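Please consider the sequence and the three-dimensional model shown below. The paragraphs after it lead from the overall fold to individual helices, loops and residues.

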Amino acid sequence: PETLVALNSTEGSTILKSPGTIDDSFWRLSIHLTTQINNGACALATTAVVLNALSPESLNGNYINQSSILSESDCVRRRILGVSDDVAGSSNAEKKKVETNASKGSGPVAAAAVETETSQQKTDLESALTHLSKHGSSLSQASGYFGCYSVPAREVYAKESTLEQFESDLATTIKAGEFIVVDFHRASVGLAGHAHFSPVAAYAPNCEG
């Protein structure tokens, strides 16, 4: 849209390189940018980008992607599917019971337990992907994804803040080398679609528009 400036344009490059632009997070984030795996996975993709931009020590040096988050994190899948911790705890207790019984039995029994667990994980993964495609993620869910990796995230809703406070938070957060994620309505900036999550990599306070 004419209301936006492409980063790979001459004007976009000039703005990014401008002395007034706050870009402390740009290079750490930009190398990890990725395409979301389905139409509703923007929050999941944003989570992967930000987690990978954090210091390797915080993630034990593991590079993650959207698929690995879904396949390896029961915590994230529960938040996507809206499964409460009580239900998850009951499920895990039953799973441990099956594993204990399997360990006491013969090979086929143990194999059956593993197969059941794998089948359930596959079902949960498919359900999570389907749910994301249809419903996307809420701000609370997106914040929870980071919590699953022990990364603190503070939720701020537009109705509880002001434009001035948002701009101040942008500048302060990026200058500190930390990350800020926004959930915005694409139509409000001239794009097709509805709600969309994205990390903010840089901020140009003196740029009009």
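The account below begins with the chain as a whole and then proceeds to selected elements.

The structure is a predicted model. Its protein chain contains 9 helices and 2 strands, and the order along the sequence is α-α-α-α-α-α-α-α-α-β-β. Of the 209 residues in the protein chain, 31% are buried. The accessible surface of the chain is about 12900 Å², and carbon and sulfur atoms contribute 53% of that area. Among contacts in the chain with a separation of 6 or more, 60% are between residues 24 or more positions apart.

Helix 3 is a suitable place to start a closer inspection. This helix, residues 42-53, has 12 residues and extends 16 Å from its first C-alpha to its last, close to the 16 Å expected at 1.5 Å a residue. How many of the residues of helix 3 are buried? The count is 12 of the 12 residues, so helix 3 is largely enclosed by the rest of the structure. The buried residues of helix 3 include Cys-42, Thr-46, Thr-47, Asn-52 and Ala-53, as well as Leu-44, Val-49, Val-50 and Leu-51.

Part of the surroundings of helix 3 is provided by helix 8, residues 139-147. The axes of these two helices come within 10 Å and cross at roughly 35°, and the crossing is right-handed. Which residues meet where helix 3 and helix 8 are in contact? From helix 3 the participants are Ala-43, Leu-44, Thr-46, Thr-47, Val-50 and Leu-51, and from helix 8 they are Ala-142, Tyr-145 and Phe-146. As background to such patterns, an α-helix has 3.6 residues a turn, so residues three or four places apart point the same way.

Helix 4 also has a residue that reaches helix 3. Gln-66 is located in helix 4, and it counts as buried because its relative accessibility is 4%, under the 20% limit. Leaving aside residues up to four places away in sequence, Gln-66 touches Thr-34, Thr-35, Gln-36, Ile-37, Ala-41, Leu-44, Ala-45 and Ala-48. Leu-44, Ala-45 and Ala-48 are among the buried residues of helix 3.

The loop between helix 3 and helix 4 (66-72) contains Asn-62. Asn-62 counts as partly exposed because its relative accessibility is 47%. Its C-alpha atom is separated by 8.3 Å from that of Asn-52, a residue 10 positions away along the chain. Asn-52, for its part, is buried in helix 3.

A further relation in space involves helix 5, residues 74-81, where Cys-75 lies. At 17% relative accessibility, Cys-75 counts as buried. The C-alpha atoms of Cys-75 and Gly-147 are 8.9 Å apart, although 72 residues separate them along the chain.

Aromatic pairing can be treated briefly. The count comes to 1 aromatic pair. The rings of Phe-26 and Trp-27 have centres 4.6 Å apart and planes at 85°, so the pair is edge-to-face. Is Phe-26 buried or exposed? Phe-26 counts as buried at 10% relative accessibility, whereas Trp-27 counts as exposed at 56%.

Beyond helix 8, the loop that leads to helix 9 (163-175) contains Ser-150. Most residues other than glycine have a negative phi. Ser-150 has a positive phi of about 60° although it is not a glycine. Ser-150 is exposed, with a relative accessible area of 67%.

Helix 9 has 13 residues, which should span 18 Å at 1.5 Å a residue; the end C-alpha atoms are 18 Å apart, in agreement. Asp-169, Leu-170, Ala-171, Thr-173 and Ile-174 are the buried residues of helix 9. Against which elements do the buried residues of helix 9 pack? They pack against strand 1 (180-185) and strand 2 (195-200). Asp-169, in helix 9, counts as buried at 17% relative accessibility. Not counting residues up to four places away in sequence, Asp-169 touches Arg-154 and Ile-180. Asp-169 and Ile-180 are 11 residues apart in sequence, and their C-alpha atoms are 8.5 Å apart in space. After helix 9 comes Gly-177, which has a positive phi near 75°.

Note on methods:
Residues numbered from 1 in each chain as written. Predicted model: local features only at pLDDT ≥ 70, side-chain atom pairs only at ≥ 80, totals over all residues. Heavy atoms only, no water. Helix = DSSP H or I, 4+ residues; strand = E, 2+ residues; numbered from the N terminus. Buried < 20%, exposed > 50% of the residue type's maximum accessible area, 1.4 Å probe, protein only. Contact = heavy atoms within 4.5 Å. Areas by Shrake-Rupley, 256 points an atom, 1.4 Å probe, with all protein chains shown as cover. Expected span 1.5 Å × (residues − 1). Phe/Tyr/Trp six-rings, centres within 6.5 Å; stacked < 30°, edge-to-face > 60°. Axes fitted to C-alpha atoms, helices over the stretch in contact; angles between N-to-C directions. Left-handed = near helix turned anticlockwise from the far one by under 90°.
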